[in-house]
Amino acid sequence: MAIDRRKFSLGAIAVLTAACAKVPKGNARAHGDFWSQFRERFITPSGRVIDNGNGNISHSEGQGYGMLLAALHDDRATFDALAAWTQQTLGREDMALHAWKYDPREPNPVPDRNNASDGDILIAWALSLGGRKWKMRGHVERSAQVRRAIRQKLVVERAGQQFLLPGLQGFVEASRIVVNPSYVVWPALDHFRKVDGDGPWATLIDDSARFLASARFGAFSLPTDWVDVSDNGNLAPARDKPARFGFDAVRVPLYAMAGHRRALAEPALSWWQSHAGGGQAVPAWIDVNSGELAPYGLSQGGMAVVAAGLGRATPAELSTDYYAAVLQLLVASIL
């Protein structure tokens with residue numbers, strides 16, 4: 001159920017110089033009207049967020065990002081359309097979670113009812129923010145239902161520590177669980193703790209911080225996109241996936257910085273600095289076992305995260321790729 005992130009833009013190398021220029025104080029948000037551009041490029045009038053890098057599918061992650069950004073940019077009309085489409089199309093009847101993918105090319109566009117935990121976290125966060133902003137009790141209550149389902153269905157314990165599963169199915173085996181470090185969306189979890197109290201969230205938050213502080217591999221101590229957790233709590237890059245700090249894990253430092261946990265971002269920032277500081281292109285990924293580097297650079301979205309972490313100017317134009325554009329907007333909106 002992992003989304004294919006392979007299409008980080010080769011054009012990112014061309015924007016590296018601009019992205020690494022120093023920012024005059026007060027101009028950190030000189031990026032144009034990214035939200036209106038994003039809405040026009042990637043959100044249909046019905047409220048569907050289109051991932052144009054993956055065959056124009058939609059997914060719970062994209063719907064959650066769209067709803068969050070609409071709430072943060074005070075765009076109630078778009079928020080309402082997004083929330084309605086998400087519930088009507090992806091909402092499950094058996095529990096307050098959401099199917100992870102909608103594919104308009106298929107006779108049955110939602111054949112897989114499995115969820116994606118980061119999508120549900122983003123949706124719950126957005127519903128809570130939007131519901132409180134616009135005094136929409138239904139959204140506030142729906143957010144609470146999704147949060148309870150996340151706690152009840154998606155949190156497991158291994159070796160005395162709680163972990164967030166990436167989805168309901170496919171990530172628990174006899175000798176391991178597979179987790180995705182970038183699904184720990186710190187600002188969302190902190191918001192949940194604020195509205196629900198410590199009881200449901202404190203242990204998961206504390207254990208997730210310990211997990212991310214330990215899930216560091218290779219010569220540069222970087223997180224990988226996917227991590228195996230053995231029954232005794234040992235961590236390793238997931239054995240059946242590329243051992244890369246790459247397209248998913250780029251969000252680990254982004255969320256860490258947004259959640260005021262910069263120490264969890266430092267290994268990635270140091271690795272990025274080793275490239276950007278010398279004027280080199282920042283590779284889109286590195287294999288933490290072999291040291292192999294991607295033969296192409298980060299997208300504009302990835303470079304926006306790098307620039308934010310290193311105190312440089314962000315790319316001035318919004319990417320035409322959905323995922324890269326989301327990263328740019330997140331940098332502009334939550335950091």
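The following conversation goes through salt bridges, helices, a hairpin, the nonpolar core and aromatic pairs in this predicted model.

Biologist: Before we start, what pLDDT do local features need in this model?

Modeller: Residues are numbered from 1 along each chain as its sequence is written, and side-chain values use heavy atoms, with hydrogens and water left out. Because this is a predicted model, side-chain atom pairs count only at pLDDT 80 or more, totals for chains, interfaces and linings use all residues, and local features need pLDDT of at least 70.

Biologist: How many salt bridges does a search of the whole structure find?

Modeller: A salt bridge is a side-chain nitrogen of Lys or Arg within 4 Å of a carboxyl oxygen of Asp or Glu. Some of these bridges are joined up, since Glu173, Arg176, Asp228, Arg239 and Asp240 are linked in a network. For the whole structure, the number of salt bridges found is 18.

Biologist: Arg251 forms a salt bridge with Asp118; how many residues apart are the two?

Modeller: The closest N and O atoms of Arg251 and Asp118 are 3.6 Å apart. Helices (H or I, at least four residues) and strands (E, at least two) are DSSP runs numbered from the N terminus. Arg251 belongs to helix α9 (residues 251-258) and Asp118 to helix α5 (residues 117-133), so the pair links distant parts of the chain, and the separation is 133 residues.

Biologist: Arg251 also forms a salt bridge with Asp248; is Asp248 buried or exposed?

Modeller: Buried means under 20% relative accessible area, exposed over 50%, and partly exposed in between (1.4 Å probe, protein chains only). The closest N and O atoms of Arg251 and Asp248 are 3.6 Å apart, and Arg251 has a relative accessibility of 1%, which means that Arg251 counts as buried. Asp248 has a relative accessibility of 8%, so Asp248 is buried.

Biologist: Arg158 forms a salt bridge with Asp231; what is the relative accessible area of Asp231?

Modeller: The closest N and O atoms of Arg158 and Asp231 are 3.6 Å apart. Arg158 lies in strand β3 (residues 155-158), while Asp231 lies in the loop between β6 (227-230) and β7 (235-237). Arg158 is buried, with a relative accessible area of 18%, whereas Asp231 is partly exposed, with a value of 41%.

Biologist: Which residue in β4 is the bridge partner of Val155?

Modeller: Two strands pair if DSSP finds at least two bridges between them, and here four bridges join β3 to the antiparallel strand β4 (residues 161-164). In the hairpin of these strands, which has two residues between them, Ala159 takes a positive phi near 50°. The bridge partner of Val155 in β4 is Leu164.

Biologist: How far does helix α6 reach from its first C-alpha to its last?

Modeller: The expected span of a helix is 1.5 Å times one less than its number of residues. Helix α6 (residues 137-154) has 18 residues, and its buried residues include His139, Arg142 and Leu154. Its expected span is 26 Å, and the reach in the model is close to this, at 25 Å.

Biologist: Which helix gives the largest share of the largest nonpolar core?

Modeller: A nonpolar core is a set of buried Ala, Val, Leu, Ile, Met, Phe, Trp, Tyr and Cys residues joined through side-chain atoms within 4.5 Å. Of the 95 residues in the largest such core, Phe38, Phe79 and Trp272 touch the most other members. The largest share of this core, nine residues, comes from helix α12 (residues 322-334).

Biologist: How many aromatic pairs does the structure hold?

Modeller: Rings of Phe, Tyr and Trp (its six-membered ring) pair if their centres lie within 6.5 Å, and planes under 30 degrees apart count as stacked, over 60 as edge-to-face and the rest as tilted. Ring pairs link Trp35, Phe38, Phe42 and Tyr322 into a cluster. The number of aromatic pairs in the structure is 11.

Biologist: Trp85 and Tyr102 form one such pair; how many residues apart in sequence are the parts tied together?

Modeller: The pair is edge-to-face, with 5.1 Å centre to centre and 75° between the planes. Trp85 counts as buried at 9% relative accessibility, and Tyr102 counts as buried at 19%. Because Trp85 lies in helix α4 and Tyr102 in strand β2 (residues 101-102), the pair ties together parts whose separation in sequence is 17 residues.
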